[in-house]
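Thanks for coming. I have one structure to go through today, and I will put it on the screen now.

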Amino acid sequence: MEEHTVARADTSPERLMEDLRTFGANYAEFTRRFAAWLGLHSTDAAALAEILYAEDKGAPLSPARLSERIGLSSGATTALLNRLEKAGHVVRRREHTDRRIVTLRSSPEVRPQAIKFFGSYSERLAAEISRFPPEQLRQFQEFVTHLSGTMNSLLAHEYHALEPGDRPGTQQDAEKAAPSRRGRS
């Protein structure tokens, strides 16, 4: 088994940000390779991974929620779901009493493929995480939760209505986000 060593001398915020960026890039690369392995476009595979993950958590996605998760318009998400459904990877179901609500499920054929592909990934990451004491994991989880909250806030506010050439967080962006405030005294 590979042994990973961390340079304890460099605990700078810059080093931490670089390590988080590298982890994110590696996660994206796993998704890209999953796509190639299944013969899918990377966006389709990312959507399929989101559907599988949501099912594993016991909270299956609707098309609207998937659209938010992968950053596509509702029309583009519909086209993506049509491709995944035609390929036999996804099933749309009406499971709620409100029959207008659609639930996305992975097909029985794709789940074993996903388990085969991500099995060693999941096992190795779980083994790595288990090396740390519960208190340290709690602190790390809190840290990551705060980082995610900050990123969500930035995306929802400072970066929400950006046009090419705009600078995030400027008054110009705040005015675009709230056009009804213009002209009020």
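Glu 68 is exposed, because its relative accessibility is 56% and the cut-off for exposed is over 50%. Keep in mind that this is a predicted model. Glu 68 pairs with Arg 65 in a salt bridge, where the closest N and O atoms are 2.7 Å apart. Both residues sit in helix α3, 3 residues apart, so about one helical turn separates them. Arg 65 is partly exposed, at 39% relative accessibility.

Elsewhere, salt bridges that share partners join five residues into one network: Glu 55, Asp 56, Glu 95, Arg 105 and Arg 111. One of the pairs to look at here is Arg 105 with Glu 55, with the closest N and O atoms 3.9 Å apart. Which elements does that pair tie together? Arg 105 belongs to strand β2, residues 103-106, and Glu 55 to helix α2, so the bridge ties together parts that are 50 residues apart in sequence. Glu 55 counts as buried, with a relative accessibility of 16%.

Helix α2 also takes part in a salt bridge between Glu 50 and Arg 69, whose closest N and O atoms are 3.0 Å apart. Arg 69 lies in helix α3, residues 63-70, and Glu 50 in helix α2, residues 42-56, so this pair ties together parts that are 19 residues apart in sequence. Is each partner buried, partly exposed or exposed? Arg 69 is partly exposed, with a relative accessible area of 43%, while Glu 50 is buried at 16%. The count of salt bridges comes to 15. As a general remark, side chains of opposite charge can pair when their charged atoms come close.

Now the aromatic residues. The count is 7 aromatic pairs. Take Phe 34 and Phe 118: the ring centres are 4.8 Å apart and the planes are at 50 degrees, so this pair is tilted. Phe 34 lies in helix α1, residues 13-38, and Phe 118 in helix α5, residues 110-130, so the pair ties together parts 84 residues apart in sequence. Phe 34 is buried, with a relative accessible area of 0%. Phe 118 counts as buried too, at 18% relative accessibility.

Phe 118 has another ring partner, Tyr 121. Their centres are 5.7 Å apart and their planes are at 70 degrees, so this pair is edge-to-face. Why edge-to-face rather than tilted? Because the planes are at 70 degrees, and planes over 60 degrees apart count as edge-to-face. Phe 118 and Tyr 121 are 3 residues apart in helix α5, about one turn of the helix. Tyr 121 counts as buried, at 18% relative accessibility. These three residues belong to one aromatic cluster, formed by Phe 30, Phe 34, Trp 37, Phe 117, Phe 118 and Tyr 121.

Helices α1 and α5 come up again on the surface. There, Phe 23, Tyr 27, Leu 125 and Ile 129 form a nonpolar patch, and together they have about 380 Å² of accessible area. Each of α1 and α5 supplies at least two residues of that patch. Tyr 27 is in helix α1 and is partly exposed, with a relative accessible area of 41%.

For the overall picture, the protein has 7 helices and 2 strands. From the N terminus on, the elements run α-α-α-α-β-β-α-α-α. The protein has 185 residues, and 21% of them count as buried. Among contacts between residues at least 6 apart in sequence, 41% join residues at least 24 apart. The exposed area is about 13,500 Å², with 55% of it supplied by carbon and sulfur atoms.

Last, confidence. The average pLDDT is 86, and 86% of the residues score at least 70. Where among the elements is the mean pLDDT lowest, and where is it highest? The lowest mean is 51, in helix α7, residues 171-177, and the highest is 96, in helix α4, residues 74-86. Over residues 180-185 pLDDT stays under 50, and the model has 2 contacts beyond four places in sequence for that stretch.

That is what I have. I am happy to go back to any of the pairs on the screen.

Technical notes. Residues are numbered from 1 along each chain as its sequence is written. This is a predicted model: local features need pLDDT of at least 70, side-chain atom pairs count only at pLDDT 80 or more; totals for chains, interfaces and linings use all residues. Side-chain values use heavy atoms; hydrogens and water are left out. Rings of Phe, Tyr and Trp (its six-membered ring) pair if their centres lie within 6.5 Å; planes under 30 degrees apart count as stacked, over 60 as edge-to-face and the rest as tilted. Helices (H or I, at least four residues) and strands (E, at least two) are DSSP runs, numbered from the N terminus. Buried means under 20% relative accessible area, exposed over 50%, partly exposed in between (1.4 Å probe, protein chains only). Contact means heavy atoms within 4.5 Å. Accessible areas come from the Shrake-Rupley method with a 1.4 Å probe; for residues, only the protein chains shown count as cover. pLDDT is the predictor's confidence in each residue, from 0 to 100. Patches are made of residues with over 30% relative accessible area and no salt bridge: like charges are joined within 9 Å, nonpolar side chains (Val, Leu, Ile, Met, Phe, Trp, Tyr) within 5 Å. A salt bridge is a side-chain nitrogen of Lys or Arg within 4 Å of a carboxyl oxygen of Asp or Glu.
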